[in-house]
Amino acid sequence: MNEPYLHTGVDHYQLAFPPNLVNIEATGKGKAVGWDVVYGERGLQSIQIGAVGKQLIWGMYKMIAALSDTGINVVVDDVIWNIWILDAAVSMLHNYPVYFIALDLSLEASIEREQQRGNRGPGNAQFFYPRVYDLNDVYDARIDVENNNPDECAGLIKTAVNTTTPTAFQTLYQKFNSMAP
């Protein structure tokens, strides 16, 4: 990019919490505090976001807005996999110059990358793929990360930011508010 950008994402915020609040099996009466992550024979089976997890996500978007308010550009690495997370991001950031960019790859490539990286639990790609790709189709740009190397993807993102006006979050905000009772 021509100007400096701060890189952040949900993993940065999660890792700043004590581990028992981020990836827990259950607490007390089985309620999730941060994220209740359940693995089975075929890998990841379910994730529930508890009260602390919701505070963290909402707080992350507020921090991104605050950084933008001070003139700092931010690149956010986030996996928006359920409607609550998408609504939180859109609600907090729809008045900001957010470029909502989809990074596209096949399920097979996603599974292969998960295995190569080895830093996620088994079955995460299989679990998240339909939740991410079936959740939303409104983006400012789509980048093919399967058939382009990282430098090419960065160039495509830079081109999208330099040649378009972001509208996805405003469109989604209007869509969500038109559905409200």
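## Getting to know the chain: worked exercises

I80 touches Y61, I85, L86, A89, F100, V132 and L135, leaving out residues up to four places away in sequence. That list comes from a predicted model, and the exercises below start from it.

**Exercise 1. Describe the surroundings of I80: where does I80 lie, and is it buried or exposed?**

*Solution.*
- Step 1: Place the residue. I80 is in the loop between β4 (73-77) and α4.
- Step 2: Check the cover. The relative accessibility of I80 is 12%, and buried means under 20%, so I80 counts as buried.
- Step 3: Compare sequence and space for one of the partners. I80 and V132 are 52 residues apart in sequence, yet their C-alpha atoms are 6.2 Å apart in space.
- Step 4: Keep F100 in mind, as it is among the residues that I80 touches. F100 returns in Exercise 3.

**Exercise 2. Work out the overall layout of the chain: how many helices and strands are there, and in what pattern do they follow?**

*Solution.*
- Step 1: Count the elements. The chain has eight helices and six strands.
- Step 2: Read along the sequence. The pattern is β-α-α-β-β-α-β-α-β-α-α-β-α-α.
- Step 3: Look at the extent. The C-alpha trace spans about 50 × 40 × 35 Å along its principal axes.
- Step 4: Test for compactness. A compact globule of 181 residues would have a radius of gyration near 16 Å, and the chain, with 17 Å, agrees with that.
- Step 5: Ask who meets whom. Among contacts with a separation of 6 or more, 66% are between residues 24 or more positions apart.
- Step 6: Finish with the surface. Of the 181 residues, 38% count as buried, and the accessible surface comes to about 11,100 Å², with 53% of it belonging to carbon and sulfur atoms.

**Exercise 3. Sort the aromatic pairs: how many are there, and why is the pair F100 and F169 edge-to-face?**

*Solution.*
- Step 1: Take the total. There are six aromatic pairs.
- Step 2: Classify F100 and F169. Their ring centres are 5.0 Å apart and their planes stand at 65°, so this pair is edge-to-face.
- Step 3: Place the two partners. F100 is in the loop between α4 (83-93) and β5 (101-104), while F169 is in helix α8 (residues 168-179); at 69 residues apart, the pair links distant parts of the chain. Both F100 and F169 are buried.
- Step 4: Set a second pair beside it. The rings of Y129 and Y133 have centres 4.4 Å apart and planes at 40°, so they make a tilted pair.
- Step 5: Place Y129 and Y133. They are four residues apart in helix α6 (residues 124-133), which means about one helical turn separates them. Y133 has 25% relative accessibility and counts as partly exposed.
- Step 6: Add the cluster. W81, F127 and F128 together form one aromatic cluster.

**Exercise 4. Find the charged groups: which residues sit over aromatic rings, and which two meet in a salt bridge?**

*Solution.*
- Step 1: Start with the rings. K54 lies over the face of W84, 5.5 Å from the ring centre. The charged end of R131 sits over the ring of F127, at 3.7 Å from its centre.
- Step 2: Count the salt bridges. The structure holds one.
- Step 3: Name the partners. The side chains of D104 and R142 meet in it, with 2.8 Å from N to O.
- Step 4: Locate them. D104 is in strand β5 and R142 in strand β6 (residues 141-144), so the bridge links distant parts of the chain, 38 residues apart.
- Step 5: Compare their cover. D104 has a relative accessible area of 19% and is buried, whereas R142, with 44%, is partly exposed.

**Exercise 5. Contrast T8 with P122: which elements or loops hold them, and is each buried or exposed?**

*Solution.*
- Step 1: Place both. T8 is in strand β1 (residues 5-9), and P122 is in the loop between α5 (107-117) and α6.
- Step 2: Read the cover. T8 is buried, with a relative accessible area of 7%; P122 is exposed, with 56%.
- Step 3: List the partners, leaving aside neighbours within four places in sequence. T8 is in contact with Y13, I64, V74, V75, V76 and D77. P122 is in contact with Y39, G43, L44 and E114.
- Step 4: Add one distance. The C-alpha atoms of P122 and L105 are separated by 18 Å, with their positions 17 residues apart along the chain.

Technical notes
Residues are numbered from 1 along each chain as its sequence is written. This is a predicted model: local features need pLDDT of at least 70, side-chain atom pairs count only at pLDDT 80 or more; totals for chains, interfaces and linings use all residues. Side-chain values use heavy atoms; hydrogens and water are left out. Rings of Phe, Tyr and Trp (its six-membered ring) pair if their centres lie within 6.5 Å; planes under 30 degrees apart count as stacked, over 60 as edge-to-face and the rest as tilted. Helices (H or I, at least four residues) and strands (E, at least two) are DSSP runs, numbered from the N terminus. Buried means under 20% relative accessible area, exposed over 50%, partly exposed in between (1.4 Å probe, protein chains only). A charge sits over a ring if NZ of Lys or CZ of Arg is within 6 Å of the ring centre and within 35 degrees of the ring normal. A salt bridge is a side-chain nitrogen of Lys or Arg within 4 Å of a carboxyl oxygen of Asp or Glu. The radius of gyration is taken over C-alpha atoms; the globule rule is 2.2 Å times the number of residues to the power 0.38. Contact means heavy atoms within 4.5 Å. Accessible areas come from the Shrake-Rupley method with a 1.4 Å probe; for residues, only the protein chains shown count as cover.
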